Amino acid sequence: MFFKPYQVLNLMITIISLMVCIWLSLVRIPGLELFGITPNWVLIWLVTWSIKRSFLQAMVGGLCCGLILDGLTVSFPSHIIPLVIVSLLTVVIYKRIIKKIQEDFISVAVMVFGMAILVEAIRGFQLNSFGYLALDELFRYQQRVALSTAILSSLWTPVIYLPLNRWWAFLETSNQLKS
């Protein structure tokens with residue numbers, strides 16, 4: 001089975017954009033951090049990617065992103081569980097709520113804000129469940145890290161969302177014209 005040129009280009013753009021987001025997650029660029037906390041670039045990419053995907057595709061995307069991050073960073077607490085949950089919730093929220101109102105980068109930024117808090121909460125509870133973090137420390141951790149990550153991630157969402165969404169919309173319209 002041969003791939004069409006636009007499918008290969010789409011695959012390359014998707015993989016390169018994910019690799020850029022992973023790279024941004026691993027480096028500290030001055031001016032992109034707040035109190036030593038950076039945006040969750042992979043979460044932004046995953047929410048952007050999961051919006052117009054099926055439930056199974058979103059689950060696989062969350063699993064792959066979690067495995068990549070666990071392979072590149074400390075694997076405890078795991079990135080897999082929160083990213084799979086986020087990708088699945090993104091599909092449900094998009095299909096039930098956002099698709100009915102209007103999708104724009106503001107609604108996606110609000111979704112990224114909530115999902116960033118959820119990711120940090122799940123990772124905090126993972127730390128708590130294995131005794132690495134006491135419950136009172138968990139709440140201090142949540143207040144500082146989760147809120148900062150959520151604010152920064154939601155502010156930087158349009159940088160990832162707008163170009164990728166325009167590209168996928170262009171592909172969708174060009175596929176409809178060819179059919």
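Helices here are DSSP runs of at least four residues, numbered from the N terminus. The model shown in these views is predicted.

**View 1. Tryptophan 167 and phenylalanine 170 pair within helix H6.**
Helix H6 covers residues 135-178. Tryptophan 167 and phenylalanine 170 lie three residues apart in this helix, so about one helical turn separates them. Their rings form a tilted aromatic pair. The centres are 5.8 Å apart, and the planes meet at 35°. Tryptophan 167 counts as buried, at 17% relative accessibility. Phenylalanine 170 is partly exposed, with a relative accessible area of 47%.

**View 2. Tryptophan 45 and tryptophan 49 stack in helix H2.**
A search of the whole structure gives three aromatic pairs. One of them joins tryptophan 45 to tryptophan 49. The ring centres are 5.8 Å apart. The pair counts as stacked because the planes are at 10°, and planes under 30 degrees apart count as stacked. Helix H2 runs over residues 41-50. The two tryptophans are four residues apart in H2, so about one helical turn lies between tryptophan 45 and tryptophan 49. Both tryptophan 45 and tryptophan 49 are buried.

**View 3. Serine 50 is a buried residue of helix H2.**
Serine 50 belongs to H2. Its relative accessibility is 0%, so serine 50 counts as buried. Which residues does serine 50 contact, leaving aside its neighbours within four places in sequence? They are Ala58, Ser87, Thr90 and Val91.

**View 4. Helices H3 and H4 cross at roughly 155°.**
H3 spans residues 55-72, and H4 spans residues 80-98. Their axes come within 8 Å. The crossing angle makes H3 roughly antiparallel to H4, because angles over 145 degrees count that way. H3 passes H4 in a right-handed crossing. On the H3 side, the contact is made by Phe55, Ala58, Met59, Gly62, Leu63, Cys65, Gly66, Leu67, Leu69 and Asp70. On the H4 side are Ile80, Leu83, Val84, Ser87, Leu88, Val91 and Val92. By class, this contact holds 13 nonpolar, three polar and one charged residues. Ala58 of H3, with Ser87 and Val91 of H4, takes part here; these residues also touch serine 50.

**View 5. Helix H1 packs on H3 through nonpolar residues.**
H1 covers residues 5-26. The axes of H1 and H3 are 12 Å apart, at an angle of about 40°. This crossing is right-handed. H1 brings Leu18, Met19, Ile22 and Leu26. These meet Cys65, Ile68 and Leu72 of H3. By class, the contact of H1 with H3 has seven nonpolar, no polar and no charged residues. Cys65 of H3 meets H1 in this view and is also part of the contact with H4.

**View 6. Phenylalanine 35 has a positive phi in the loop between H1 and H2.**
Most residues other than glycine have a negative phi. Phenylalanine 35 is not a glycine, yet its phi is about 55°. Is phenylalanine 35 buried or exposed? At 72% relative accessibility, phenylalanine 35 counts as exposed.

**View 7. Glutamine 102 is exposed in the loop between H4 and H5.**
Helix H5 covers residues 105-129. Glutamine 102 has a relative accessible area of 58%, so this residue is exposed. How many residues apart in sequence are glutamine 102 and cysteine 21? The separation is 81 residues. In space, glutamine 102 and cysteine 21 are 26 Å apart, C-alpha to C-alpha.

Terms used: Residues numbered from 1 in each chain as written. Predicted model: local features only at pLDDT ≥ 70, side-chain atom pairs only at ≥ 80, totals over all residues. Heavy atoms only, no water. Axes fitted to C-alpha atoms, helices over the stretch in contact; angles between N-to-C directions. Parallel < 35°, antiparallel > 145°, perpendicular 65-115°, else oblique. Left-handed = near helix turned anticlockwise from the far one by under 90°. Contact = heavy atoms within 4.5 Å. Nonpolar A, V, L, I, M, F, W, Y, C, P; charged D, E, K, R; others polar. Phe/Tyr/Trp six-rings, centres within 6.5 Å; stacked < 30°, edge-to-face > 60°. Buried < 20%, exposed > 50% of the residue type's maximum accessible area, 1.4 Å probe, protein only.
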